[in-house]
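Here is a short note for a colleague who is new to this entry. Please read it with the model open.

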Amino acid sequence: MYVQKIRNMDYDVVIAGGSVAGLLCAREIASKNHRVLVIEEDSELGTPEHCGGVVSISAIDDLGIIPMRATLDNKVRSAKIVSPSGKEFTIDARQQQVIVLDRREFDKQIAHQAQVKGAEIRVRTSLREITKEGVRTSDGEIKCKFVVDARGVTSLVQKDRTGTLQSAQYEIFADWIDKERIEVYLDQERYPGFFAWVIPTRRDEAKIGVAGRGINPAQVIEEFLKKKGKHSTIRKIFAPIWIKGPIKEFVTGNVITIGDAAGQAKPTTAGGIYSSGIGGIFAGNAISKFLESGNKSELAEYQREWNKKFGKEFENMLLARSLLERMDNKTIDSIFDSITPKMLDEISKEGSFDFHTTSVAKILGVRGSVKAVQAILGNELRRLLS
């Protein structure tokens, strides 16, 4: 009876993927009184929790969300960055108002917003095939006018493996966790092209992660935790992350791609709550306008708007990533030697968590950096600083 019921239903839009981008897209479409269905292959929204959950309050506000108490895990006061040899500096994050979200609760909060507006959501329902009349799912055929692909990195891995890195993230208990401080560890031998991280969620609780090109994340994260000290592991997640930037076309016929599936996660950190969420909102608005007007140019507005907001920043992030991947540990250490208290003060006061390449450029372009750094970075650094 359940499968037959779905087969007989028509929707304006079916969204495959019930994460931030997909749910926000559904919220926008439903708010304009269009029929929208979200299908999620997992048994529960927000799980498994791949994301670190770090975002700014201004970004959440931009997404139209006021986090509930259950959604907000922690407020971050500072970030400690550690070089391969153990040199370190700390950035004051209070001005940037950085928080850590419980993604399981956060996704459900957005789902409730979408449902209140009129969206329908079904879990344990996966997309099998896009058909001429709609989609074929694990629960049967569904007719629709548009299909939105919000299935995350899974969609990209099938097309291009060169843009992914393997990662591991554990949730742990440990008494060495600083509740108010994020930690980032750079080491091109242990985490090539990326880093290890500690994201505190509650007192004595944190998300610990590693990612890198060609690494065995299970082995590397165990080695990292062994050095950090005694701990208890309560959750383990292994998943690819995307660091190659946005795909070429967000809209192909009646298929609209959003979020991680569209490469809308930051190339520097693979974080995408804000940039992917805005992608979902822009796509939802564009689809709604088309459904009302029938003007195909409305669909193209989605990609234009997203590029207008994030295009330049993502170009700079990709440039910063290419620079990082060409540095060795000695070069990274030499940059740490040249960082001044004045520079850290400027970054703390003027930097943006959501648009952070200006801060990266300041660190890479520090006066007094050794000639080797300038030789490696060359014209690309000048482009990043311009």
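The points below cover the domains, their interface, one salt bridge and a run of strands.

1. **Status of the model.** This is a predicted model. Please keep that in mind throughout.

2. **Two domains.** The domain assignment divides the protein chain into domain 1 and domain 2. Domain 1 is made of three segments, 11-53, 102-160 and 243-319. Domain 2 is a single segment, 164-239. Taken over C-alpha atoms, the domain centres lie 28 Å apart.

3. **The interface between them.** Contacts involve 15 residues of domain 1 and 13 residues of domain 2. About 1,000 Å² is buried between the two domains. Carbon and sulfur atoms account for 53% of that area. On the domain 1 side, three residues stand out: Glu49, Gly52 and Ile243. Together they supply 42% of the area that domain 1 buries against domain 2, more than any other three residues.

4. **Polar features at the interface.** The rule finds 2 salt bridges across the interface of domain 1 and domain 2. There are also 2 residue pairs in polar contact between the domains, counted with both residues at pLDDT 80 or more. The face of domain 1 that touches domain 2 is mixed: 6 nonpolar, 5 polar and 4 charged residues.

5. **One salt bridge to inspect.** The whole structure holds 27 salt bridges. One of the pairs is Glu171 with Arg104, at 3.6 Å from N to O. This pair ties together distant parts of the chain, with the two positions 67 residues apart in numbering. Glu171 sits in strand S12 (residues 164-173). Arg104 belongs to helix H4 (residues 103-117).

6. **First hairpin, S9 to S10.** Which way do strands S9 and S10 pair, parallel or antiparallel? They pair in the antiparallel sense, over 3 bridges. S9 covers residues 127-130, and S10 covers residues 134-137. The two strands form a hairpin, with 3 residues between them. Leu127 has Thr137 of S10 as its bridge partner.

7. **Second hairpin, S10 to S11.** S10 also pairs with strand S11 (residues 140-149). These two run antiparallel as well, joined by 4 bridges. The hairpin between S10 and S11 passes through 2 residues. Here Thr137 has Gly140 of S11 as its bridge partner. Thr137 is thus a useful residue to find in the viewer: its bridge partners include Leu127 and Gly140.

Conventions: Residues numbered from 1 in each chain as written. Predicted model: local features only at pLDDT ≥ 70, side-chain atom pairs only at ≥ 80, totals over all residues. Heavy atoms only, no water. Domains from an automatic or database assignment. Contact = heavy atoms within 4.5 Å. Buried area = accessible area lost by both parts, 1.4 Å probe. Salt bridge = Lys/Arg side-chain N within 4 Å of Asp/Glu carboxyl O. Polar contact = N/O pair within 3.5 Å; in protein donor to acceptor, adjacent residues only side chain to side chain. Nonpolar A, V, L, I, M, F, W, Y, C, P; charged D, E, K, R; others polar. Pairing = 2+ DSSP bridges.
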